[in-house]
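Here are a few exercises to work through with the model open in your viewer. Try each task before you read its solution.

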Amino acid sequence: MALLSVLTPVLALVLCLVIGFLLLRSKNTETTSRAPGQTKGASKTDFRPWVDQDLQDDTEITARGGDEDEWVDGNEEEDLAHVPYSPPRYPEETMLQRSKEFYTLMNQRRSVRFISPEPVPRGVIDNIVLTAGTAPSGAHTEPWTFVVVSEPETKHQIRLIVEKEEEVNYRQRMGDKWVSDLARLRTNWIKEYLDVAPYLILIFKQTCGILPNGKKKTHYYNEISVSISCGMLLAALQNAGLVTVTTTPLNCGPQLRLLLKRPVNEKLLMLLPVGYPAADATVPDLKRKHLDDIMVHI
């Protein structure tokens, strides 16, 4: 009996150590089996609803996977000739004038949700897309596809898909803080402009290229490249006197890709309704940051 009373604390200690080890092992197993970035029971602070499931692929050089024979070897591509380049050089006064005029033009750009159904010449849209296509890209892969939609029924189908997902976004995915931050801009999941605007431009990034022979070509920094192209497209729209609102419909990519019959290597990055502003269009009275707030000169 005396021996048992002596051993009881020792047995209790051993038992506690065994239970602790099993719990720790179970936790580590659960962590390693979970997808990267996913946290069980994550708090609202950790939750990242803005990460579109369709865009969770790396834009940097990653392991390509699959059969190496499926991919183009860099040695298979022809060497490029280099040619002289002499762009116009302006006097300082002209440079200052041109840069100020361009800033004044771009500073008038606003996100406009009230778009006129008035037709826009197709040639203007063609030139705007050509301008976007002049953007720089990683290894000059030009990893973008611009799908221009003007057919009314297809526009309506796009609206149905977007509004269905956006309602879920506002009610569930985005969270109270995000919805609260948008309240002053008076936005919601109703996207009437998707029916009304004469054109919808859907910009897809190509995660890799697919050549006529079926081989794949690596597209380096594809998301950054296409994002730069989108910026140039916005500038071209402003230059032509047209308006848009930049939309990134969360979790609509796969459905819209199927609707528009785009290949699996293309992921939706942005959707732009394009047209003239409606006669009664309004925009929030927002102010932009001053130069000192956005530039550091060293």
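**Exercise 1. Get an overview of the chain**

Task: Work out what share of the 298 residues in the protein chain is buried, and list how many helices and strands there are.

Solution: Keep in mind that you're looking at a predicted model. Start with burial: 31% of the 298 residues in the protein chain are buried. Next, count the secondary structure, which gives 9 helices and 5 strands. Walking along the sequence, you meet them in the order α-α-α-β-α-α-α-β-β-β-α-α-β-α. Finally, look at the contacts made at a separation of 6 or more: 83% of these join residues 24 or more positions apart.

**Exercise 2. Build the sheet**

Task: Find out which strands make up the open sheet, and in what order.

Solution: Begin with S1 (residues 144-149), which pairs with S2 through 6 bridges in the antiparallel sense. One bridge to check is Val149, whose partner in S2 is Leu200. Now move to the other pairing: S2 and S5 (residues 266-274) run antiparallel and are joined by 8 bridges. Here you can find Leu202 opposite Leu271 of S5, and Phe204 opposite Leu268 of S5. Put the pairings together and you have an open sheet of 3 strands, ordered S1-S2-S5 and antiparallel. S1 and S5 each have a single partner strand, so they're the edges, and one side of each has no neighbour in the sheet. On average, neighbouring strands of this sheet are turned by 20° against each other, direction ignored.

**Exercise 3. Add the helices that cover the sheet**

Task: Compare the directions of H3 and H7 with the strands: what angle does H3 make with S1, and what angle does H7 make with S5?

Solution: Take H3 (residues 122-132) to begin with: this helix packs on the sheet and touches S1, S2 and S5. The direction of H3 makes about 165° with that of S1. Then turn to H7 (residues 222-239), which also packs on the sheet, touching S1, S2 and S5. For H7, the angle with the direction of S5 is about 10°.

**Exercise 4. Check both faces of S2**

Task: Explain why S2 can be called largely enclosed.

Solution: Side chains in a regular strand alternate between the two faces of the sheet, so each face needs its own check. On one side of S2 sit Tyr199, Ile201, Ile203 and Lys205, all of them buried. The other side holds Leu200, Leu202, Phe204 and Gln206, and these are buried as well. That makes 8 of 8 residues of S2 (residues 199-206) buried, so the rest of the structure largely encloses the strand. Do the count for S5 too: 9 of its 9 residues are buried.

**Exercise 5. Explore the surroundings of Ile158**

Task: Decide whether Ile158 is buried or exposed, and find which residues it contacts beyond its neighbours within four places in sequence.

Solution: Locate Ile158 in H4 (residues 152-173). Its relative accessibility is 0%, so Ile158 is buried, given a cut-off of under 20%. Leaving out neighbours within four places in sequence, Ile158 contacts Val149, Leu200, Leu202, Leu256, Leu259, Leu260 and Leu271. Pick Leu256 for a distance check: 98 residues separate it from Ile158 in sequence, but their C-alpha atoms are 6.8 Å apart.

**Exercise 6. Look at two positive phi values**

Task: Find where Tyr221 and Lys261 lie, and say how exposed Tyr221 and Lys261 are.

Solution: Most residues other than glycine have a negative phi. Tyr221 has a positive phi, near 50°, and lies in the loop between S4 (216-218) and H7. With a relative accessible area of 37%, Tyr221 is partly exposed. Lys261 also has a positive phi, near 60°, and belongs to the loop between H8 (253-259) and S5. Lys261 counts as exposed, at 69% relative accessibility.

**Exercise 7. Describe the cavity**

Task: Which residues line the largest cavity, and how do they divide into nonpolar, polar and charged?

Solution: The count comes to 1 cavity of 30 Å³ or more. The largest cavity holds about 40 Å³ of space. Its lining consists of Arg109, Arg110, Leu234, Leu237, Gln238, Leu242, Val243 and Thr244. Sort these by type and you get 4 nonpolar, 2 polar and 2 charged residues.

How values were computed
Residues numbered from 1 in each chain as written. Predicted model: local features only at pLDDT ≥ 70, side-chain atom pairs only at ≥ 80, totals over all residues. Heavy atoms only, no water. Buried < 20%, exposed > 50% of the residue type's maximum accessible area, 1.4 Å probe, protein only. Helix = DSSP H or I, 4+ residues; strand = E, 2+ residues; numbered from the N terminus. Pairing = 2+ DSSP bridges. 1 Å grid on protein atoms, 1.4 Å probe; cavity = no way out; pocket = protein on both sides within 12 Å on 5 of 7 lines; lining within 4 Å. Points joined across faces, edges and corners; volume = space filled by probe spheres on them. Nonpolar A, V, L, I, M, F, W, Y, C, P; charged D, E, K, R; others polar. Axes fitted to C-alpha atoms, helices over the stretch in contact; angles between N-to-C directions. Contact = heavy atoms within 4.5 Å.
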